[in-house]
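Please work through the exercises below with the sequence and the structure side by side. Each one sets a task and then solves it step by step.

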Amino acid sequence: MSRMMKLSLRPTGIALLAAWFGMVETRARFAGAKWFFLIASALAGCVVVGPARGATVTGEIVDAATGKPIPARLYLHNDTGQWFFPKSANAAGSAIRYERQNWANKRAVEMHTTHSAHPFTVELEPGDYTFLVERGKEYLPLTNRVQVGAQPVKIRFALRRWANLAARGWFSGDTHNHRDPAELPNVMLAEDVNVALPMTHWTTVETVPPSQSPRNLKGDFTAALTRVDATHVLWPRNTEYEIFTTGKKSHTLGALLVVHHRQPLDLPALPVSRVAARARSEGALLDLEKHNWPWSLALVPLVKPDLYELANNHHWRVAYSITNWAEPAPAWMNLGTGGGSEREWTLSGFQTYYALLNSGFRLSPAAGTANGVHPVPLGFGRVYVHLGRNFDFDAWMSGLKAGRSFVTTGPMLLAEVNRELPGHTFAARGGQPQKLKLKGTVLSEQPVHAIELIVNGDVASTVPLKPKRTKEGAWEASFTSDWTCDASAWMAFRCFEPRDGERFRFAHTAPWFVNVPGQPLRPKRREVEWFIESVRKELARSASLLPPEAVAEYQQALAAYEALLRQAR
């Protein structure tokens, strides 16, 4: 840390300096070496007496209800925008510094320290400082302005919990991050993320297997669960194929995640169906990392991903910065040219997901931050999976795949249909309408005024909410509604929580399904035509760089979508 220095002048030095300034008016009497002598003599009377005296600031972070210390994330800066990173004041504690800035937007800065449940300490010069403390999603942020002088300062932050999802049977996860597993025990507890899936293997070159990639995290990561405590765990064998080099040229394909596998993947990215077969043989899940990579839509009929990152690594706590999308949204989405706002990015992801569900691809929503690479905390976007009273990792992964879940960047959206959680399929008889009772609760830091029911990709109804302040200082609103279904369909709920500066947070449930035997849901023509157009465009763009097996895969994807078009309405 740079320190301000004080300059102290001895009386003789002051006298000499005054004399020197007086000489300016009568400099004709002096010449050459005499000037140098006088200046040197004056400066000889000036002595640096050391750094400006600062103070030691010691703090603790506690749960307001229990008074017990809790892990948390801490931001600390002065009025000039300089960031500071406190250390743990306890030998048994830990503090991990995180510094990331977006390459295109200098305002997108994430500078924080994650602290274990121990006191912290930092040396600060005299001045005014802002401390901001957060813990995951379920505690209200707390900001304190602190004036530091020459004396030691002690400060206590009492965080108020406004939601307790684990008590309701919901446990959170970040399914895509790039943190070193050695750091994750600290970070997971500070963010209260129950499950973390770090991408310990990561290849960006089409011909380089992840097992040989220079971008892998360093260490020997075995296929064994790391238990941080009874309800916080991480699985260290997860892989990201994020291809930016194809055919020895700079040529982007996109990303596909393989999570919860057992052996290091020694297969190159192409042909991708071979990667999928290996993943399935190990019980792993395939995650469509983002919706608008050039190859994303071509991957779906080839590998049939289990997961879709509905809250993805372009959703940040700091300023939205992704204004150069890999692929623009189609015109029928009415979202501009593909370089737009955070809301347009989010809605394009939603509508792509809806189009895939309409076409019969049952992907469950996931949430990943790419924390470790991007300026975003671990778990800023997270997926909650319902388990009931007891936490179990294998049950969590099964629930993630089955869609007993919702994703969120802020509000908590707890909904049921006929008392069934998301992911449930209702069997209905043809010709007999299925009457469904919809109900739920929205908990949020800021009031949410409406919830939207999505049916087959369209906003079927908007239910107004009347949020009320809770005793914890947050907001809560309940809703009930009825829906009658006489054909095969899927439904889900979503909501948006307004924030300052035209920002927002959102929550989105996984879908429920209604299955009428002999009457499958038919795809929408414009959506399948977009799939076909996308694959044809990608085939034309990449065919000359792809191996023959990969070209054949693109053609298989194209044929699958063309078959769907014949069923479309």
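**Exercise 1.** How many bridges join strand 27 to strand 28, and in which direction do the two strands run relative to each other?

This is a predicted model, in which local features need pLDDT of at least 70 and side-chain atom pairs count only at pLDDT 80 or more, while totals for chains, interfaces and linings use all residues. Residues are numbered from 1 along each chain as its sequence is written, and side-chain values use heavy atoms, with hydrogens and water left out.

Step 1: strands are DSSP runs of E with at least two residues and helices are runs of H or I with at least four, numbered from the N terminus, and two strands pair if DSSP finds at least two bridges between them. Step 2: strand 27 and strand 28 (residues 458-464) are joined by 6 bridges and run antiparallel; within this pairing, Ile454 has Val459 of strand 28 as its bridge partner. Step 3: the two strands form a hairpin with 2 residues between them, and Asn456 in the turn has a positive phi of about 50 degrees.

**Exercise 2.** Find the bridges that link strand 27 to strand 31, and state how well strand 27 is covered.

Step 1: strand 27 is joined to strand 31 (residues 489-499) by 4 bridges, again in an antiparallel arrangement, and Val455 is bridged to Met491 in strand 31. Step 2: of the 6 residues in strand 27 (residues 450-455), 5 are buried, where buried means under 20% relative accessible area, exposed over 50% and partly exposed in between, with a 1.4 Å probe and protein chains only.

**Exercise 3.** Which strands stand at the edges of the sheet with the order 5-8-3-11, and why is one side of each left without a neighbour?

Step 1: the open sheet is formed by 4 strands with mixed pairing. Step 2: strand 5 (87-88) and strand 11 (153-159) stand at the edges, and because each has a single partner strand, one side of each has no neighbour in the sheet. Step 3: strand 3 (residues 55-63) and strand 8 (residues 120-124) run antiparallel and are joined by 5 bridges, with Ala55 opposite Leu124 of strand 8.

**Exercise 4.** Describe how helix 6 packs against helix 8, and then place Leu356 in the core.

Step 1: helix 6 (residues 342-358) and helix 8 (residues 525-542) have axes 10 Å apart and an angle of about 105 degrees between them; axes are lines fitted to C-alpha atoms, for helices over the stretch in contact, and angles run from 0 to 180 degrees between N-to-C directions. Step 2: helix 6 is therefore roughly perpendicular to helix 8, given that 65 to 115 degrees counts as roughly perpendicular, under 35 as roughly parallel, over 145 as roughly antiparallel and the rest as oblique. Step 3: Thr352, Ala355, Leu356 and Asn358 of helix 6 meet Glu527, Trp530 and Phe531 of helix 8, where contact means heavy atoms within 4.5 Å. Step 4: Leu356 is one of the residues that touch the most other members of the largest nonpolar core, which has 91 residues, such a core being a set of buried Ala, Val, Leu, Ile, Met, Phe, Trp, Tyr and Cys residues joined through side-chain atoms within 4.5 Å. Helix 6 gives the most to this core, with 8 residues.

**Exercise 5.** Is His115 buried or exposed?

Step 1: His115 lies in strand 7 (residues 109-115). Step 2: His115 has a relative accessible area of 2% and is therefore buried. Step 3: beyond residues up to four places away in sequence, His115 touches residues including Pro71, Leu74, Phe120 and Asn186.
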